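The exercises below concern charged side chains and nonpolar packing. Work through each task with the sequence and structure at hand, then read the solution.

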Amino acid sequence: MLCELKNARKVYPMGDLEVVALKGVTVGVDIGEFTVFAGPSGSGKSTALNLIGCLDRPSSGEVWLDGKDVATLTDNALGEVRARRIGFIFQSFNLIPVLTAAENVDMALRLAGLNENRAEKVEKALIDVGLKDYMTRRPNQLSGGQQQRVAIARSLVKNPAIIMADEPTGNLDSKVGKEIMNLLLNLNKERGTTLI
């Protein structure tokens with residue numbers, strides 16, 4: 001199993017109240033799987049992704065990644081796991097506005113300390129998502145679909161074991177959303193990239 005939640009529970013304190021975001025969820029994802037968490041707003045989908053992606057810790061239960069209990073890892077070790085093993089694609093793109101598409105993608109390699117052949121890796125990632133002619137454009141010079149493609153290239157460039165996509169088509173129209181989902185499906189088929 002590549003990643004696993006075991007009886008994971010997440011509670012957020014809100015003043016005198018406690019909001020239970022996850023109620024003892026157990027789920028596992030194998031290498032190369034394309035897994036979808038579906039449910040209504042507020043059902044805990046993003047919380048589950050945040051736990052698996054090591055962005056948050058459970059209130060109780062366990063999170064396992066690559067055969068390791070995430071609870072045993074230091075904050076620095078968790079940061080390294082996020083930087084090297086996990087790619088993130090967010091609904092809101094989260095691109096740095098003053099950087100070009102290539103520089104946004106390159107930032108993922110810099111943060112992971114992966115300095116070998118950076119320029120070639122960045123170019124290949126942007127070509128793979130259909131943005132060969134847009135590498136020098138800043139986010140405000142790109143459409144929403146193109147910005148999401150940059151975000152996908154940024155997540156792919158470090159060749160992560162797993163890509164976490166939290167509503168990657170939520171801010172896109174249905175046509176572009178379908179293109180982005182087809183791109184993700186093809187990456188899963190062609191590269192065997194694990195996608196959640």
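**Exercise 1: salt bridges around one helix**

K175 counts as exposed, because its relative accessible area is 59%, where exposed means over 50%, buried under 20% and partly exposed in between (1.4 Å probe, protein chains only). The model is predicted: local features need pLDDT of at least 70, side-chain atom pairs count only at pLDDT 80 or more, and totals for chains, interfaces and linings use all residues. Residues are numbered from 1 along each chain as its sequence is written, and side-chain values use heavy atoms, with hydrogens and water left out.

Task: Find which side chain meets K175 in a salt bridge.

Solution.
1. A salt bridge requires a side-chain nitrogen of Lys or Arg within 4 Å of a carboxyl oxygen of Asp or Glu.
2. K175 meets E179 at 3.1 Å, N to O.
3. Both residues lie in helix α6, four residues apart, about one turn of the helix; helices are DSSP runs of H or I with at least four residues, strands are runs of E with at least two, and both are numbered from the N terminus.
4. E179 also forms a salt bridge with R149, with closest N and O atoms 3.4 Å apart.
5. R149 lies in helix α5 and E179 in helix α6, so this pair ties together parts that are 30 residues apart in sequence.
6. R149 is buried, at 17% relative accessible area, whereas E179 is partly exposed, at 31%.

**Exercise 2: a buried lysine**

Task: Determine how far K45 is from the nearest side chain of opposite charge.

Solution.
1. K45 lies in helix α1 (residues 45–52).
2. K45 is buried.
3. Lys and Arg count as positive and Asp and Glu as negative, while His and the chain ends are not counted.
4. The nearest side chain of opposite charge is E167, 5.0 Å away, and K45 has no salt bridge.
5. Leaving aside residues up to four places away in sequence, K45 touches F37, A38, G39 and P40, contact being heavy atoms within 4.5 Å.

**Exercise 3: the nonpolar cores**

Task: Identify which residues have the most contacts inside the largest nonpolar core.

Solution.
1. A nonpolar core is a set of buried Ala, Val, Leu, Ile, Met, Phe, Trp, Tyr and Cys residues joined through side-chain atoms within 4.5 Å.
2. The largest core has 30 residues, and V105, L126, V150 and I152 have the most contacts inside it.
3. Elements that each supply at least two of its residues include α3 (101–112) and β6 (162–166).
4. A second, separate core of 22 residues includes L5, A8, I52 and I86.
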